[in-house]
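Biologist: Before we use any label for this protein, I would like each one justified from its value. Could we go through the labels in turn?

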Amino acid sequence: MKKLLRLLGEVAAHADGVPVDLGHPKQRCLAAALAVDAGRVVPADRLLDRVWGADAPQRSTLHSYISRLRLALADVEDLSVEHRSGGYALMGDAIDLLRFRDLCARARTAPDDAARLLTEALELWQAEPLAGLTGEWAEAERAQLELERLAARNDLVDARLRLGHGGRLVVELAARAAELPLDERVQGQYLLALHQAGRTADALDHYRQVRERLVEELGTEPGTPLRELHKQLLADDARVVPLVPRQLPAAPVSFVGRREELDRLDAAGDTVVISAVAGAGGIGKTWLALHWAHRHTELFPDGQLFVDLRGFSPDTSPLEPGTVLRGFLDALGVEDDKTPAATEARSALFRSLVAERRMLIVLDNAATAEQVVPLLPGAGSCTVVITSRRVLTGLVARHGARHLDLHLLSDDEARALLEQRLGAARLAAEPDAVTALLGYCRRFPLALGILAGRAATQPRLRLAELADEVRDFGVDALDDDDPTASLPVVLATSYQALTAEQQEAFGLLGVAPGPDISLPAAASLTGLTPARAARVLRALREASLLDRSADGRYSMHDLIRSYAATKAPQTLRDAALDRVVGFYLHTAYAADRLLNPLRPPIQLTSRGTPHPLTDPLAWVAAEHACLMAAQHTAADRGRHDVVWQLAWSLATYHYRGGHRHAEVAVWRVAAESTSHLPDPADHCRTLRSLGTAHALLGEHEEAVRHLKQALALAEQHHDLTQQAHTRHSLAWTSTMRGDDREALHHARHTLDLHRALGDPLRIARSLNTVGWTAASLGDHDTAREHCLEALALHRLHHNPSGEATTLDSLGYVEHLSGNHDQAIDHYRRSLVLYEAEGNSVEAAHTLDRLGQSHLALGQRDEARSVWQEALELYRVQGKDSDAERVRGQLDTLAEDS
């Protein structure tokens with residue numbers, strides 16, 4: 001209770017878990033004197049008598065006590081002391097005594113729910129009532145409240161006996177019967193409990209003892225209720241509970257974490273609830289179910305049934321429901337000759353026997369929903385926990401089961417499992433090996449358990465040796481003679497349960513490039529239609545061999561993937577990888593064409609069908625890791641043409657998103673691949689692109705080395721186009737190095753080459769480069785002339801990207817010329833175009849320069865605003881040096897203000 005005034009124990013108040021100071025004992029006695037009659041007016045004289053007795057002070061003293069009580073209860077929002085004619089009333093229901101009485105009253109009108117209500121009522125009692133208070137009134141009230149408590153306890157026993165729980169009450173009632181030997185109600189309860197526990201002879205013997213005691217000490221025979229109960233016992237007419245089965249296997253010793261899943265199982269409550277726990281083999285489903293069950297055996301006094309349904313057993317078939325029911329009926333005391341032959345009849349009898357019981361039924365390792373349905377109770381208060389490697393959708397849809405997906409352990413839980421098995425000292429002795437083991441096992445409980453078991457039985461075995469074994473042999477390192485402790489065997493049983501089509505897809509997904517896969521890519525990989533592929537993926541997910549993320553992507557645990565890869569025949573694998581790599585290449589190329597339509601196209605040399613794109617930027621972002629992996633797959637398979645074409649298709653995305661390290665990575669792989677291709681232009685292109693990527697990272701020496709290799713190769717083969725492109729990259733790199741004269745030298749060569757080649761957009765780009773470098777050298781008129789000519793060409797050919805770059809250059813020219821208003825105008829128009837393109841890389845530089853122009857005009861607030869924007873973009877892009885420089889500009893601005 002967040003806000004509560006307590007009387008059933010020490011008189012105290014709490015508001016949101018914080019104690020409320022009610023003052024000294026007389027002040028607390030006043031609170032109690034009002035609370036026992038909450039909602040009713042207590043006359044002032046009666047309050048004085050209750051609190052002070054014969055030594056009652058003047059009424060003025062009572063008024064001051066009332067005032068202090070009102071202040072104390074101010075934090076308990078549901079309670080207030082009100083003045084009424086002739087006295088005072090405590091209003092509100094946040095009082096434990098009121099709640100106790102309300103629960104008891106409700107129990108009397110709801111016999112089916114009485115046990116729960118009375119249990120909740122008695123849980124409100126913390127100690128003897130009104131503890132800490134003295135005086136005649138407090139003593140008398142305490143005695144009365146104890147009688148109410150005793151009545152509630154007796155009512156609860158009756159309610160539990162009606163439910164047939166006598167077997168669990170025998171010990172408690174034996175003590176109470178000895179304590180109250182002349183209380184016929186308690187003695188009758190003890191008799192019935194003995195009878196329900198199957199000890200009818202003991203019950204009859206005890207009745208004789210009770211009768212003799214009553215006659216001897218009171219001179220009277222037992223009352224009518226006790227005599228009637230005795231007759232029922234003699235006639236064996238009382239309710240008899242079947243045997244109480246206790247079938248749970250031992251609780252798992254090495255159990256860690258799973259707090260969220262345990263909480264969800266705790267939410268089962270008191271009604272018929274089916275919890276279906278699904279997850280991969282070895283993920284810990286059985287351990288979770290048993291750990292939870294053993295923690296809550298007191299909730300199931302009528303017994304616990306357990307069966308391994310062998311849905312995925314390596315050496316036996318799944319158990320038939322009729323066989324399982326035969327075992328359940330036997331556990332419930334049904335004799336062989338009373339057991340029906342038909343499964344349907346056994347199921348009906350089972351439902352009848354458990355209908356009024358509070359039992360737990362654990363159905364472990366289920367194969368299908370159909371195997372489970374005959375084993376479910378029909379109604380009542382049983383709880384069912386089912387584990388399966390499959391998602392039992394039918395149980396959720398038709399029987400209201402609560403689905404619970406069991407996933408990998410957290411990093412902390414995985415480490416805790418190893419520490420629990422091996423001890424902290426052993427882990428501390430080899431921290432690197434522990435990190436490696438955790439990395440290889442990827443939080444998979446069975447894998448961790450297998451390795452921990454080996455290490456535990458071989459104390460001298462170094463953990464590093466285990467880690468090396470898993471690294472070298474993957475899932476095969478986790479094999480074991482015991483099939484229940486062998487990950488390959490566990491996975492094999494799941495694999496064997498798949499259809500041929502599902503098995504083939506499972507194997508191919510094990511070799512697919514990238515950490516995960518989308519449905520369209522999976523369709524290309526498997527050669528299935530998207531609709532068919534979706535059904536197969538869903539089946540693999542329901543078999544707990546595949547995970548699906550919230551954004552619809554599918555992935556496998558590394559160890560499952562390692563096993564799956566062994567199931568893909570080489571002929572199928574080659575064709576599948578050709579399809580999926582072609583899919584990635586053609587779709588990435590289509591995305592690049594949408595992102596940068598004026599970029600000169602290339603001719604793709606592999607077959608493939610692009611996926612239709614509505615948001616090319618989002619598609620490349622989602623598939624980026626897979627595209628990078630597809631490039632390595634192509635390189636490994638000798639598809640060198642595909643390697644550089646994938647790198648080319650990612651260039652716009654990398655540049656605009658600031659993915660500079662990824663850009664270096666793809667062109668490094670491409671440069672190695674194109675060295676094997678016959679066309680030198682391909683190798684020249686990749687060397688140039690690799691050099692440019694290094695320049696973007698600020699690695700200028702490496703950049704120049706690759707660019708000069710590209711230029712030498714282009715000149716050797718008299719390739720003017722490659723010479724022009726490479727000269728342009730050298731000009732740009734020289735600018736970044738701060739060598740403007742070298743940059744202008746390369747820029748003029750580039751312009752001459754492009755004029756000879758006649759490509760207007762390349763000419764425009766070269767004009768802009770000449771203009772920028774001329775401006776840096778102080779030749780503002782030449783710079784302005786070349787940039788304006790470039791701007792006209794870009795606009796003529798509808799190239800917003802080139803227009804944005806040239807407007808930025810014009811802003812730079814005007815800033816250096818002292819025309820800061822014009823510079824700001826150019827920069828602002830450039831930013832509008834960059835924003836429309838989503839080109840945050842160039843936008844950051846333009847914002848940086850825009851701030852310089854604002855500052856030159858004394859517009860400090862405007863400069864601060866755009867520099868803060870630039871700083872944020874640099875941070876996101878990981879450009880630490882640029883971010884630090886802009887941060888310094890902002891600091892200087894703050895110091896000067």
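Biologist: What makes H640 count as buried or exposed?

Modeller: This is a predicted model, and the label rests on a computed value: the relative accessibility of H640 is 18%, buried means under 20%, and therefore H640 counts as buried. H640 lies in helix α29, residues 640-657, and, leaving aside neighbours within four places in sequence, H640 is in contact with A635, S673, H676 and L677.

Biologist: How do you know that the span of helix α6 agrees with its number of residues?

Modeller: Helix α6 covers residues 136-162, which is 27 residues, and at 1.5 Å a residue these should span 39 Å; the end C-alpha atoms are 40 Å apart, which agrees with that expectation. Just after α6, G164 takes a positive phi of about 85 degrees.

Biologist: Which residues of α6 are buried, and what do they pack against?

Modeller: The buried residues of α6 are W137, A138, E141, R142, L145, A152, N154, L156, V157, A159 and L161. Their packing partners are the helices α1 (25-35), α2 (44-52), α4 (96-109), α5 (114-122), α7 (166-179) and α8 (184-196).

Biologist: Why are β8 and β11 said to stand at the edges of their sheet?

Modeller: The sheet is an open one of 5 strands in the order β8-β9-β10-β7-β11, with parallel pairing. Within this order β8 (304-308) and β11 (402-405) each have a single partner strand, so one side of each is left without a neighbour in the sheet. Neighbouring strands are turned by 15 degrees against each other on average, direction ignored. Across β8 and β9 (360-366) lies helix α13, residues 321-331, which runs at about 155 degrees to β8.

Biologist: What makes strand β10 largely enclosed?

Modeller: In β10, residues 383-388, 6 of the 6 residues are buried, so the strand is largely enclosed by the rest of the structure. Both of its faces are covered, with T383, V385 and T387 buried on one side and V384, I386 and S388 buried on the other.

Biologist: How do you know that β10 pairs with β9, and how many bridges join β7 to β10?

Modeller: Pairing requires at least two bridges, and β9 and β10 have 5 in the parallel sense, with T383 in β10 as the bridge partner of L360. Between β7 and β10, which run parallel, there are 6 bridges, and A276 stands opposite I386 in β10. Strand β7, residues 273-278, also pairs with β11 in the parallel sense, over 4 bridges, and there A276 stands opposite H403.

Biologist: Why are the phi values of R258 and H798 worth a remark?

Modeller: Most residues other than glycine have a negative phi. R258, although not a glycine, has a positive phi of about 60 degrees, and H798, likewise not a glycine, has a positive phi of about 55 degrees. R258 is placed in the loop between α10 (224-234) and α11 (259-266), while H798 is placed in the loop between α36 (780-796) and α37 (800-817).

Biologist: Which of the labels, buried or exposed, belongs to R258, and which to H798?

Modeller: At 4% relative accessibility, R258 falls under the 20% limit and therefore counts as buried. The relative accessible area of H798 is 64%, which is over 50%, and H798 is therefore exposed.

Biologist: How many cavities does the structure hold, and what lines the largest cavity?

Modeller: There are 3 cavities of 30 Å³ or more, and the largest cavity has a volume of about 80 Å³. Its lining is formed by L509, A512, G514, P515, D516, I517, L546, Y554, S555, M556 and R561.

Terms used: Residues are numbered from 1 along each chain as its sequence is written. This is a predicted model: local features need pLDDT of at least 70, side-chain atom pairs count only at pLDDT 80 or more; totals for chains, interfaces and linings use all residues. Side-chain values use heavy atoms; hydrogens and water are left out. Helices (H or I, at least four residues) and strands (E, at least two) are DSSP runs, numbered from the N terminus. The expected span of a helix is 1.5 Å times one less than its number of residues. Buried means under 20% relative accessible area, exposed over 50%, partly exposed in between (1.4 Å probe, protein chains only). Contact means heavy atoms within 4.5 Å. Axes are lines fitted to C-alpha atoms, for helices over the stretch in contact, and angles run from 0 to 180 degrees between N-to-C directions. On a 1 Å grid over the protein atoms alone, a cavity is a set of points where a 1.4 Å probe fits but cannot get out, and a pocket is an open set with protein on both sides within 12 Å along at least five of seven lines; lining residues have an atom within 4 Å of a point. Grid points are joined across faces, edges and corners, and a volume is the space filled by probe spheres set on the points.
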